[in-house]
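Visitor: I'm new to this one and would like a close look at a single part. Could you take me through it slowly?

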Amino acid sequence: HVVGSQVGEVLLYYCYCEVRDPEKLCAWQKALCQHLHLTGKVRVASEGINGTVGGSKVATSLYIKVMLSQPLFKNILRQEDFKSSAGGAHCFPDLRVGVFKEIVPMGIDPKIVSYKETGIHLSPQEFHREVEQYLSQATQGQSDTILLDCRNFYESKIGHFQGCLAPDIRKFSYFPSYVDENLELFKDKRVLMYCTGGIRCERGSAYLRSKAVCREVYQLKGGIHKYLEEFPDGFYRGKLFVFDDRYAICSNEDIISACRYCGVLWDQYKLCSSQHCRQLVLTCPSCCNKGLTACCPVCQEKELKVTSRASGQTLKEECECTRRRPRVPIEHGSPRMLDTGK
């Protein structure tokens, strides 16, 4: 992808803790990142901090050192809470540090559903054993467990755990409604949850537990990131979606998704070429060469019209192809479990 992407690294981390003065922490964090020439995104809130930053190896290791010595995070944030992957400052367009209500945008007041009510954390080894057991039971059609991917559809599309239930949602803020609309599905079930780095599970599992319908709720500590470090060829197949200019990181050779236009196996996202759109598109090199570079045919046509008009179009989060998608899918009967052969 990017020349020299091996030179530095990208860090992903979060820390739930009490922050009395989020504005002050935000200013400190911004100055620290600027001093170390780090780019990326950091969210600060009264409930903690969540960040993904990129830079040189020297800068990222200094960043970790400083973060671990910050009194606010003492004895809460640990070295192993930082997930790292090959990359650098070029993986992000700029540095954005801001104060928000939640460090992960679920859209539920942290005072109402707190990270303190989270599910039971499983290490990658424990989670691996649980998935192994679940898959062997599921083949005999007698599982009382749901393996739940709580990421967005475009993330699970290019990589997921075998046999998982992956909600067809576009934003994590739709997850609570998804749970509400599908409560019957979770009744008396053991739920094994996972996400990219573990943070969405902290709030997602707390929300699911607040509904008091599941038998047990477990979550993968450190997320897919930590799992892949120990089981690069385990039960997670395909790529891991990341929210930066790389779009995905690879641990095994499986390609489990297809080109939007011709259906050939393809899993490298690009941004839709249409100016007004912010959707990601899977379009293979040969379709790209034919000029098929938008998220859907409607967008492709619109692009031609828009290009001939003056720019200054507002960027839209949605397009015809996503507007047709139900905001919150309702799983009927037995849910559609995603599978991928080895």
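Visitor: Let me start with one residue: is Lys-65 buried or exposed, and why?

Guide: Happy to. Keep in mind that what you see is a predicted model. Lys-65 counts as exposed, because its relative accessibility is 62%. You'll find Lys-65 in helix 2, so let's begin with that helix.

Helix 2 runs over residues 57-69, and Thr-60 lies in it too. Thr-60 counts as buried, because its relative accessibility is 0%. A polar atom of the Thr-60 side chain lies 3.1 Å from the backbone oxygen of Lys-57. Leaving aside residues up to four places away in sequence, Thr-60 touches Glu-9, Leu-11, Leu-38 and Gly-55. Now go back to Lys-65 and look across to Gly-204: the two are 139 residues apart in sequence, and their C-alpha atoms are 30 Å apart in space.

From there, turn to the largest nonpolar core, which has 33 residues. Leu-148, Phe-175, Phe-186, Met-193 and Leu-208 are the ones that touch the most other members. Several elements give two or more residues to this core: strand 1 (8-16), strand 7 (145-149), helix 5 (175-181), helix 6 (183-186), strand 10 (190-194) and helix 7 (199-210). Helix 7 gives the most, with 5 residues.

Next come the rings. There are 17 aromatic pairs in the model. One of them joins Tyr-14 and Tyr-16, edge-to-face, with 5.9 Å from centre to centre and 70 degrees between the planes. Both Tyr-14 and Tyr-16 are buried. Another edge-to-face pair is made by Tyr-154 and Phe-241, whose centres are 5.2 Å apart and whose planes are at 65 degrees. That pair links distant parts of the chain: Tyr-154 sits in helix 4 (residues 153-156) and Phe-241 in strand 13 (residues 240-241), 87 residues apart. Tyr-154 is buried, as is Phe-241. If you'd like to see rings in a group, pick out Phe-127, Phe-161, Tyr-194, Tyr-227, Phe-231 and Tyr-236, which form one aromatic cluster.

Some rings have a charge for company. Over the ring of Phe-100 you'll see the charged end of Arg-43, 3.8 Å from the ring centre. Arg-260 lies over the face of Tyr-261, and here the distance to the ring centre is 5.9 Å.

Last, have a look at the cysteines. A disulfide is a covalent bond between the sulfur atoms of two cysteines, and this structure holds 0 of them. Take Cys-17: its nearest cysteine sulfur belongs to Cys-15 and is 4.1 Å away, and Cys-17 is in no disulfide. Two sulfur atoms have to be within 2.5 Å to count as a disulfide. Cys-17 counts as buried because its relative accessibility is 3%. Cys-214 is in no disulfide either, and the nearest cysteine sulfur, from Cys-150, is 13 Å away. With a relative accessible area of 17%, Cys-214 is buried.

Note on methods:
Residues are numbered from 1 along each chain as its sequence is written. This is a predicted model: local features need pLDDT of at least 70, side-chain atom pairs count only at pLDDT 80 or more; totals for chains, interfaces and linings use all residues. Side-chain values use heavy atoms; hydrogens and water are left out. Rings of Phe, Tyr and Trp (its six-membered ring) pair if their centres lie within 6.5 Å; planes under 30 degrees apart count as stacked, over 60 as edge-to-face and the rest as tilted. Buried means under 20% relative accessible area, exposed over 50%, partly exposed in between (1.4 Å probe, protein chains only). Helices (H or I, at least four residues) and strands (E, at least two) are DSSP runs, numbered from the N terminus. A charge sits over a ring if NZ of Lys or CZ of Arg is within 6 Å of the ring centre and within 35 degrees of the ring normal. A polar contact is a pair of N or O atoms within 3.5 Å; within protein, one must be able to donate a hydrogen and the other to accept it, and residues adjacent in sequence count only if both atoms are side-chain atoms. Contact means heavy atoms within 4.5 Å. A nonpolar core is a set of buried Ala, Val, Leu, Ile, Met, Phe, Trp, Tyr and Cys residues joined through side-chain atoms within 4.5 Å.
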